[in-house]
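Here are some exercises to work through with the model open beside you. Try each one before reading its solution.

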Amino acid sequence: MHSDQTLACGCGQVRLRVEGPPIASVECLCTSCRTAAHHLEALPGAPRIVDDKGATPFVMQRKDRLAILDGEDRFSAFRLQPEAGTRRVVATCCNTPMFLEFPGGHWLSLYAGLWPDALRPPLEMRTMAGDFPDPAALPDDVPNLKQHSLRFYARLLGAWARMGFRNPKIEVKGELHV
Ligand SMILES: [Zn+2]
Ligand SMILES: [Zn+2]
């Protein structure tokens, strides 16, 4: 499978390049992701980011293995609370949600819908199943982790070690209030 991929917002003004395999390909079941999707999917022209069962698919990518090729000035950050460090960054040209970033995180969780279906890294696990209203309804094709389990943190830590524990900064000037 090709792991290098150019990704674009819906209208093509924002383009990213990811290189190398992702840290993980996940579906997040947490309440925050569902709440954020409720706001972001309501923006004019926005694509769906939550699937029918209520999961948000993400591809987690090392920050040093992605480049913003075009349209960085279109980025705006959406925060669930004004003081929240966690931000979800939207390409405001066409309201495509691009990624989720935790404060101090060495990776970005890119919305998996940015990948063409055939090229999307295959799903490996679901996280935060403890937040999900009906965990028994989840399919068992991949592990449904209650929290961000040890296995999940081991992946993240391993990736950070290979990055030399650096944390590249992603510049986002705008703030989005919806
Ligand atoms: Zn766009
Ligand atoms: Zn989440």
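**Warm-up.** Which residue just after helix 2 takes a positive phi? Gly 164 does, at about 70°.

Before going on, some ground rules: this is a predicted model, in which local features need pLDDT of at least 70, side-chain atom pairs count only at pLDDT 80 or more, and totals for chains, interfaces and linings use all residues. Residues are numbered from 1 along each chain as its sequence is written, while chains are lettered from A and ligands numbered from 1 in the order in which they are written.

**Exercise 1.** Compare the span of helix 2 with the expected one.

*Solution.* Start with the boundaries: helices (H or I, at least four residues) and strands (E, at least two) are DSSP runs, numbered from the N terminus. Helix 2 takes in residues 150–162, 13 residues in total. The expected span is 1.5 Å times one less than the number of residues, here 18 Å. From first C-alpha to last, helix 2 reaches 18 Å, close to that value.

**Exercise 2.** Work out the strand order of the open eight-stranded sheet, then look at its edges.

*Solution.* Count two strands as paired if DSSP finds at least two bridges between them. The order comes out as 10-3-4-9-8-7-6-11, with mixed pairing. At the edges you find strand 10 (125–127) and strand 11 (174–176); each has a single partner strand, so one side of each lacks a neighbour in the sheet. Now zoom in on one edge: strand 10 pairs with strand 3 (residues 24–28) in the parallel sense, over three bridges. One bridge there joins Cys 28 to Thr 127.

**Exercise 3.** Trace the partners of strand 2 (residues 15–18) and sort its side chains by face.

*Solution.* First, strand 1 (residues 5–8) pairs with strand 2 in the antiparallel sense over four bridges, with Thr 6 bridged to Arg 17. The two form a hairpin with six residues between them, and Gly 12 in the turn has a positive phi of about 90°. Next, strand 5 (residues 66–70) also pairs with strand 2, antiparallel and over four bridges; there, Arg 15 stands opposite Asp 70. Finally, the faces: Leu 16 and Val 18 point one way and are buried (20 or more other C-beta atoms within 10 Å; exposed is 12 or fewer, partly exposed is in between, and C-beta atoms are placed from the backbone). Arg 15 and Arg 17 point to the other face and are not buried.

**Exercise 4.** Is Cys 11 buried, partly exposed or exposed?

*Solution.* Cys 11 lies in the loop between strand 1 and strand 2. Its count is 14 other C-beta atoms within 10 Å, so it's partly exposed. Leaving aside neighbours within four places in sequence, Cys 11 is in contact (C-beta atoms, placed from the backbone, within 7 Å) with Cys 93 and Cys 94.

**Exercise 5.** Find the buried side of helix 1 (residues 31–40) and what covers it.

*Solution.* Pick out Cys 33, Ala 36, Ala 37 and Leu 40, which are buried. They cover an arc of only 105° (taken from the directions from the helix axis to the C-beta atoms), so they sit on the same side of helix 1. Flip to the face turned away and you meet the exposed Thr 35 and His 38. The cover over the buried residues includes strand 3, strand 4 (56–62) and strand 8 (96–101).

Notes. Contact = placed C-beta atoms within 7 Å.
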